[in-house]
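Colleague: Before I use this model, I would like to hear the reasons behind the terms attached to it.

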Amino acid sequence: MKRPEVSMRQAIQATIEANPEAVEGWMEERPGSWGYLAGQAVLAYSRLLGRRLEPLERKAVWASLWQRLEDYKDEMAQIER
């Protein structure tokens, strides 16, 4: 079971790194940014697994992505202080 967790983290990190403008948009609450990032993370994880994700897996990706983005926002706020 650890393999999918690692893959999900990898997919989320790759999504964040590949889409800095969308991450910035999410931080600024620009419409469409979250949906774009969520879709990209699902696609990235699906590619790593080599299959379509089940509904609960998609929800897990979304939740993990949201948490990682919140953590990133907190990290950026600490740097700015």
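The exchange below takes the terms one at a time.

Modeller: Keep in mind that this is a predicted model.

Colleague: What makes the pattern of the protein chain α-α-α-α?

Modeller: The protein chain has four helices and zero strands. A helix here is a DSSP run of H or I with at least four residues, so reading along the sequence gives α-α-α-α.

Colleague: How do you know that the radius of gyration agrees with a compact globule?

Modeller: The globule rule is 2.2 Å times the number of residues to the power 0.38. For 81 residues that puts a compact globule near 12 Å, and the protein chain has 13 Å, so the value agrees. The C-alpha trace spans about 40 × 25 × 20 Å along its principal axes.

Colleague: Why is Glu-21 called exposed?

Modeller: Exposed means over 50% relative accessible area. Glu-21 has 67%, so Glu-21 is exposed. Glu-21 is found in helix α2, residues 20-27. From Glu-21 to Leu-37 there are 16 residues in sequence and 10 Å in space, C-alpha to C-alpha.

Colleague: What share of the residues in the protein chain is buried?

Modeller: Buried residues are 28% of the 81, where buried means under 20% relative accessible area. The accessible surface comes to about 5700 Å², and 54% of that surface belongs to carbon and sulfur atoms.

Colleague: What share of the contacts joins residues 24 or more positions apart?

Modeller: Such pairs account for 59% of the contacts with a separation of 6 or more.

How values were computed. Residues numbered from 1 in each chain as written. Predicted model: local features only at pLDDT ≥ 70, side-chain atom pairs only at ≥ 80, totals over all residues. Heavy atoms only, no water. Helix = DSSP H or I, 4+ residues; strand = E, 2+ residues; numbered from the N terminus. Buried < 20%, exposed > 50% of the residue type's maximum accessible area, 1.4 Å probe, protein only. Contact = heavy atoms within 4.5 Å. Areas by Shrake-Rupley, 256 points an atom, 1.4 Å probe, with all protein chains shown as cover.
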